[in-house]
Each structure stands twice: as C-alpha cells, then as structure tokens.
Amino acid sequence: MAKKITISLLKADVGGYVGHSASHPEVITLARKELRKSDLLIDSYVTACGDDLELIMTHKKGINSEHIHELGWETFLKCTEKARELKLYGAGQDLLKTSFSGNIKGMGPGVAEMSFEERKSEPILIFMADKTEPGAWNLPLYKIFADPFNTAGLIIDFTMHEGFTFEVLDVKQDKSIKLRCPEHIYDLLVLIGSPGRYVIKNVYKNKPKIIAATATTTKLSLIAGKYVGKDDPALIIRAQKGLPAVGEVLEAFAFPHLVAGWMRGSHNGPLMPVSVKEAHPTRFDGPPRVICLGFQLSNGRLGKPRDMFDDPSFDLARQKANMIGEYLRRHGPFEPHRLPSDIMEYTTLPKILHEMKDKFKAADYKRIKEKVMRMELEKKVKQRHKIYKKRK
Ligand code: F6R
Ligand code: MG
Ligand code: MG
C-alpha cells in the first residue's frame, strides 16, 4: 500500500453565500488553512462549486482511512462554525450527525476516493456539481467509457479495446452490481437510465484491471429520512495512456443533458459546464452546474489546477443550457420540468399533499358507479320481495 497514492475528495454544504448560491471566501480560506496544517497529507486543494465546499486531498493512507475522514469532518465542523459566525445560509446543512465515528460515509458529506500506483504521468480530472444528484454522472460516464461516438479511443486505441467495467449502486437497496462492457451495455443502460435509483459508483479498465473513475453516491434524504438539500455530487477520473484522453472525458459535457435538482431539488434542468468563477447558480437557484479541475499529479502533489471548462469551446454548451433552461422554466410547476411525483416524495411536497388529504371528495365517476350499484341492489331486493310474496 505504501507505494499507492490515494486521492480523497470530501465535500459538504456547510453554509451558503448568498442563500444557496455560493460559498463564502472566508470559509474556503479557513478550509485551506486547516488542511495545510495537517501532516497526514501529501497535498491538498480546496475549492467550491456553488454552496458546496470541496476538499481535495492526496495521501498514502488508502481509501476509507479513519484519519483522513476525521480530518475532513473536523474541517467541515470548523467551517460550519465560521459559517454560523457569518450567519451564512443553512450553516452545517450537510452535517447530519453530531460526532465522528470512524468513517465519514453516512454522516452527510459526499466521498469519492481512489488509490493507485501513480503512472509515469498521471492526468486527473475532478468534476464537481451543484444543484443536482449523483445520478447526473451516469450519462457522461457512459459516454466516456462505453460510447465510441464520444470516445474515439474505444475504437482506435488498441489498449482500450477491451473496454471498461461499471460498478452500479442501487441507492434504495444499498446493493451494487458490476457490468462488464461492451458485452453488457444493454443491461447497463437498463439500470443507469434511471439515475435517481441506479448510480455509477466506479469504473474500472478491463485490462489491466485498474480504477479509472469514482464518484460520490451519498443520498442525503436516505440518511436523514427527509429532504435536507440535494446530494450535489463529485467525480474523479484518470485520463490518457490507455484511458480516455482528457478531451474525450471533457467532450461528454459538451451536451448539457437534463439532470434532477435545480430549484428545491425538485426540477429537471440542463447541466451547464462552467468555469470555477461562474459556478454560482443564481437563476431559479440554477441551472445546475458542473466545474472541472485538471491536475497533473506528481508524486502525489496536486500542484496548480487548470480550470478545464474555462474555454470558449464550451460556450455553445452553456448557450444551449440557457436555451433549454428557458424552455423548461416556461412549464412552471408542471412536469416534466418539475420532477415526477414518486421522486417528489423525497422533497417537501408530501406535507402539502397530506394537508389536502381530507378535503378530497369522491369524484363524479365514482359517485355515478355507486348510484348505479345502489339502484341495481334496490331492483334485486324488489324482485326478491315479489317472488317471496307470490310464494306466500
Ligand atoms: C436546491 C437548493 C435550493 C433550495 C431553495 C429553498 O438544492 O439548495 O434550491 O432548495 O433555495 O431553500 P430553503 O428551503 O432553505 O429556503
Ligand atoms: Mg445549500
Ligand atoms: Mg449545493
């Protein structure tokens, strides 16, 4: 294990500035200071996507390290204190438990971690999104690792020809399945086409068997039992040399596909790829956004990241996202802009429906059916009465 480098990305909404639109610069600075103080890490980088604070850390402690998770948890707690002091909105929103118990999973923050032997050159892309959910990565991950119309290397590059295996999590049952592609593409699509329930957790290269991508899969509502904000996700992808090229990975985001989230975690909207300085969802608390930082890892050192969507070649995707967003917004509270009712169960809507429950009266059709049944019954009773009389 000693040789392996681990990247741990821990993320949480510890308070919004203003409302749920962004993170406060003082909170980001504090998180940076806290991580820099630690001697557990090789390197760290702190950023934010909307109201989500993102702690990117490299170390040699492996995934699920109690020490690294505790460092993340303590940092989130300190940042929450700062958020409270500044009266930021929803301070400590994603910290659902009071004390740390060995692993940050299930406590609210999102976690994505991977360990690997650093290659001769190790390009890493880290995607972070706001106002959406982990299933938002399903479509781009499929395109990156299984669709030759996106990733030319799947066809052209001999070293990628064996394909990739997708590990899919059923978030409701907390069970996962591994599907080797291209052989099981159809089965994979059966599942990941329902991103609210089935979420891609990991992607592995088939030959040699190495980790290629890993994502956060936290479902806050399933931990808290009620709506406590969306589970804004993050994703780590390794690129190049037998893995999709940086440009093939980014290409999947040139299409602003529809994702669940946006206002009140209850609307479908396009996922807009933006630069870090534009990662502040404002219109109708959105539209949902994704940023990407590129790192050229060097012996575990992250170095200075590149802001990958800060490029005019993504202008069209942004423009499309605005057009799609505008079109959807005109639907107001109607589906398919608003999420379907089964997903709304995890929002604040059921409370309203509950209040209305007793005001419902039998509908016309039901009343007529009941009347006809009553009349038929009366007729039968009369007939029986007649027969009875005759017999007498
Ligand atoms: C969505 C989100 C926001 C809030 C909305 C209402 O993930 O964070 O759209 O749901 O601003 O927030 P509250 O209920 O806190 O006023
Ligand atoms: Mg928030
Ligand atoms: Mg958020």
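Visitor: How do the residues of the shell around ligand 1 divide into nonpolar, polar and charged?
Guide: The shell has 1 nonpolar, 6 polar and 4 charged residues. Here Ala, Val, Leu, Ile, Met, Phe, Trp, Tyr, Cys and Pro count as nonpolar, Asp, Glu, Lys and Arg as charged, and the others, Gly among them, as polar.

Visitor: What should I know about the model and its numbering?
Guide: It is a predicted model, in which local features need pLDDT of at least 70 and side-chain atom pairs count only at pLDDT 80 or more, while totals for chains, interfaces and linings use all residues. Residues are numbered from 1 along each chain as its sequence is written, with chains lettered from A and ligands numbered from 1 in the order in which they are written.

Visitor: Which residues are closest to ligand 1?
Guide: His20, Lys230, Arg264, Gly265 and Asp285, out of 11 that surround the ligand. A residue is near a molecule if its C-beta atom, placed from the backbone, lies within 6 Å of it.

Visitor: Which domains does that shell draw on?
Guide: Domain 1 (1–117) and domain 2 (119–356) each supply at least three residues. Domain 3 covers 361–391. The bounds come from an automatic or database domain assignment.

Visitor: How many Å separate the centres of domain 1 and domain 3?
Guide: 69 Å, taken over C-alpha atoms.

Visitor: New topic. At what angle do helix 1 and helix 2 cross?
Guide: Roughly 150°, with the axes of helix 1 (residues 25–37) and helix 2 (residues 66–85) coming within 9 Å. That makes the two helices roughly antiparallel (angles over 145 degrees count as such). Axes are lines fitted to C-alpha atoms over the stretch in contact, and angles run from 0 to 180 degrees between N-to-C directions. Helices are DSSP runs of H or I, at least four residues, and strands are runs of E, at least two, numbered from the N terminus.

Visitor: Which residues meet there?
Guide: Glu26, Val27, Leu30, Ala31, Glu34 and Leu35 in helix 1 meet Thr75, Lys78, Cys79, Lys82 and Ala83 in helix 2 (C-beta atoms, placed from the backbone, within 7 Å). This contact has 6 nonpolar, 1 polar and 4 charged residues.

Visitor: Where are the cis peptide bonds you can point to?
Guide: One joins Tyr17 and Val18, with omega about -5°; Val18 lies in the loop between strand 1 (5–12) and helix 1. Another joins Cys181 and Pro182, with omega about 15°; Pro182 is in the loop between strand 7 (175–180) and helix 5 (185–192).

Terms used. Parallel < 35°, antiparallel > 145°, perpendicular 65-115°, else oblique. Contact = placed C-beta atoms within 7 Å.
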